[in-house]
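This report sets out selected features of the structure shown below. It begins with a sheet and then turns to helices and model confidence.

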Amino acid sequence: MAEAGYTRRQALKAAGFGAAGLAAGRVFTSRGFAANPAAASISGSLEAWDWSDAPSVPGEQAQAEFYTKYFPSLYKNLQFRSTIFGYTDLLPKLTVAWRAGNLPDIARCAIQWSPQFVGAGQCAEITEEELGMPFSQFIPGALLSDRRNGASEGALYGIPSNNEVMFLLYNKSLFSKAGIDPNKPPATWADLVAYSKTIHDKTGAYGFGLCAQQTNGNTSYRFMPVAWACGGQIFDELSPKPTWRKVGLGGDGVVQALSLYHQMFNVDKSVQPSALSDNESDCETLFLDEKMAMVIDHPSFPQQVKQLKPDLDMGGAMLPIGPVRRAVVLGGSNFHIRATTKNKPAALALMKAYLAPYWNVRLGTGAGSEASTEAARASPEQATASKEMPFNDIVFQMLPYGVNVPLVTQGAQIWNTIIPAMIQQVLSGRSTPKEAATAAASQVTRMIAA
Amino acid sequence: MVVLDQSAPPDLVVAASARAMWRERLAGLPYVMPAVLVIIAVMSYPFLYCIYLSFRATPSYTTETHFAGLANYGTVLNDPVFLNSLLITVTWTIGSTVFDILLGMGAALLVNQLTWFRGPIRAALMLPYIVGYVIASYAWLWLYQAEYGLINELLTSWGVLAHPISLLSSLIWALPAVILVNIWKTAPFAMIMFLAGLQSIPEQTVMAAELDGASKTRVFFEIKLPYLRRVIIITSVVMTLQNFNTFTIPYIMTSGGPLNHTEIVSNYIYNDAFTNLDFGGAAAASVVVMIILMVFAVLYVGSLNRRQPGVV
């Protein structure tokens, strides 16, 4: 390890046995996280694919260090290769590679990609014994994407590497200029629509950032929390044990959410006019330039704001509540091991190393996300990281409200294509909210019946 | 050239001429065979596999496929989104190619006439072609940006627009906006082709016409243009094929939106394969596009058989 640049102390710390942790009497047992397998037991070759946490510099640094220094230093007998792809590049490459029964042995996939691989039988089952830690360490909702057909129980074919939820970020100065109490963010979605109009009318700035680009997952990430809050759903994802069979997209909750979007974009005109072609980049630019008061964004964005515009007076809040509930997309990523891999022990070793609290926190929060295990979230490393991440406490508060993306193999098509198209129909004035929701529901019904 | 005894029977004269013509045509074959073999080796498997896949059903929930006959073709040809993407692609291609040819010809004529700084100006005009598609797309994204983009800034300051608009979010302006980017990117290629053609025109012919009192316009239309006919046809074919198969600009700038108004067929095929996981459908769409382009290429290239003026 010294040759790899790790001293014995660093290696112990990285493995989670930090001196501070020991001094505090917090010894991580095998119930908290899995011990790394002995170096001699892991050999052969292993290919791992991951996606980049860019533009988060801490996240990229942590990733590079983990894959090029730390993990190879643990297993000298292992021929290890890792490739980091851009976020949008990994899915098509993995889709083709695994359909061909080809490399990699293990990959980290965004949560909404998992159903297509798990559903097609391309992933190896993982047991608690193999992983070396109980599955109770993970948020129960996050495990649905690792089961066939998004089932609530049953075998797991992946393991969450990190969880991510979004929250509401707002500009306190613009609130004040509009005569709104900057310490009272909108409590409900109806409040948010009203605030957006007030801010736009009184300051000229856009009240809220709307993302409605076609064929883009970011659109649905921001719309579905509104729909869920109004009681709408795509299938039955709001029920405790969703079956993913009954299509709920044409329901009143979705119509109500579309109506709120229509109000902001077409009636009040309080959101940016580029919404139909914006995947969040315009929203973030306008927010940084203090021309937009409220955005829904990832935990990494306020870190960027802090670096780029330290004097911007930011406020953070949980996503507003709707008539039925509060909701947010339960995002994150999963590790999947290829079903035909010839080196499952090595793949499991990679997983265990990644899930150790030190790395789980560093790789999770470094990317503006959260660690996936309870042990990591309760660790001293997390406490330190949370101090450096603005509004991390709000993100933790949002986690229990996480709702899953459609966990069917056609999930990507529904999430990236059908939902954005439905929103665009309304925002462009081509359809009423009811017409658009009904048409989208019919499309999904035909798709899953085929 | 083979000189034949003109007293020989006519059919023998014809046969000998045909053999000579074929010998002449095949003389160049050994020189192109290596390249042809490489192309066959690299392209044949994906090409044939795509055709094979177009006849297979490829459900998203399994990696197994089964024979589906013409079902994929039926689905694709009855899909209004595919038909719309074809229409958008035809508009995109015609719009891009026509302006590529016109602008390329204009730039070539301009550069050809220059006596000073011809090299630097030619290099500057080639810059858009050299810049990568991704960089160009992102650069133009910023140019079109409503609040910060240069285009909106200029149009509002000149009084053309009362307030900034998001061209890429407009159902009317999104397609012309991305076509403009494509023209900017590809017209330099046409310029280079036409410039080479202009420089191959015999100077004596042009000078003779000018001495006889022909105006510049007449010289262009009656002397230069006929000489450039082959170049124009070849450039048009190449640019049409290139523009038809474009992927990057609409993918990055609009993702095919708003409401599929900028979704060209290559974007449709990509989404069908990697978002909808319908590889069979995407393969069928690819084959349909290939057939369309083959028909076009055959018709266009057929017109190359006409002789150029002044050539024996």
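## The four-stranded sheet

In this predicted model, four strands of chain A form an open sheet in the order β6-β7-β5-β8, with mixed pairing. Its edges are β6 and β8 (314-317) of chain A, each of which has a single partner strand, so one side of each lacks a neighbour in the sheet. On average, neighbouring strands are turned by 25° against each other, direction ignored. Strands are DSSP runs of E of at least two residues, helices runs of H or I of at least four, numbered from the N terminus; two strands pair if DSSP finds at least two bridges between them.

Strands β5 (residues 167-171) and β7 (residues 292-297) of chain A run antiparallel and are joined by four bridges. One of the residues concerned, A:Leu168, has A:Ile296 in β7(A) as its bridge partner.

## Helices α9 and α11

Helix α9(A) lies across β6 and β7 of chain A and runs at about 170° to β6(A). Angles, from 0 to 180 degrees, are taken between N-to-C directions of axes fitted to C-alpha atoms, for helices over the stretch in contact. Contact requires C-beta atoms, placed from the backbone, within 7 Å.

The buried residues of α11(A) pack against α9 (189-203), β6 (206-208), α10 (217-229), α19 (411-427) and α20 (433-449) of chain A. Buried denotes 20 or more other C-beta atoms within 10 Å of a residue's own, these atoms being placed from the backbone.

## Confidence and conventions

The average pLDDT (the predictor's confidence in each residue, from 0 to 100) of chain A is 89, and 91% of the residues score at least 70. Among the elements of chain A, α9(A) has the highest mean, 98, and helix α2 (residues 19-23) the lowest, 36.

Residues are numbered from 1 along each chain as its sequence is written, while chains are lettered from A and ligands numbered from 1 in the order in which they are written. Local features need pLDDT of at least 70 and side-chain atom pairs count only at pLDDT 80 or more, whereas totals for chains, interfaces and linings use all residues.

Key. Contact = placed C-beta atoms within 7 Å.
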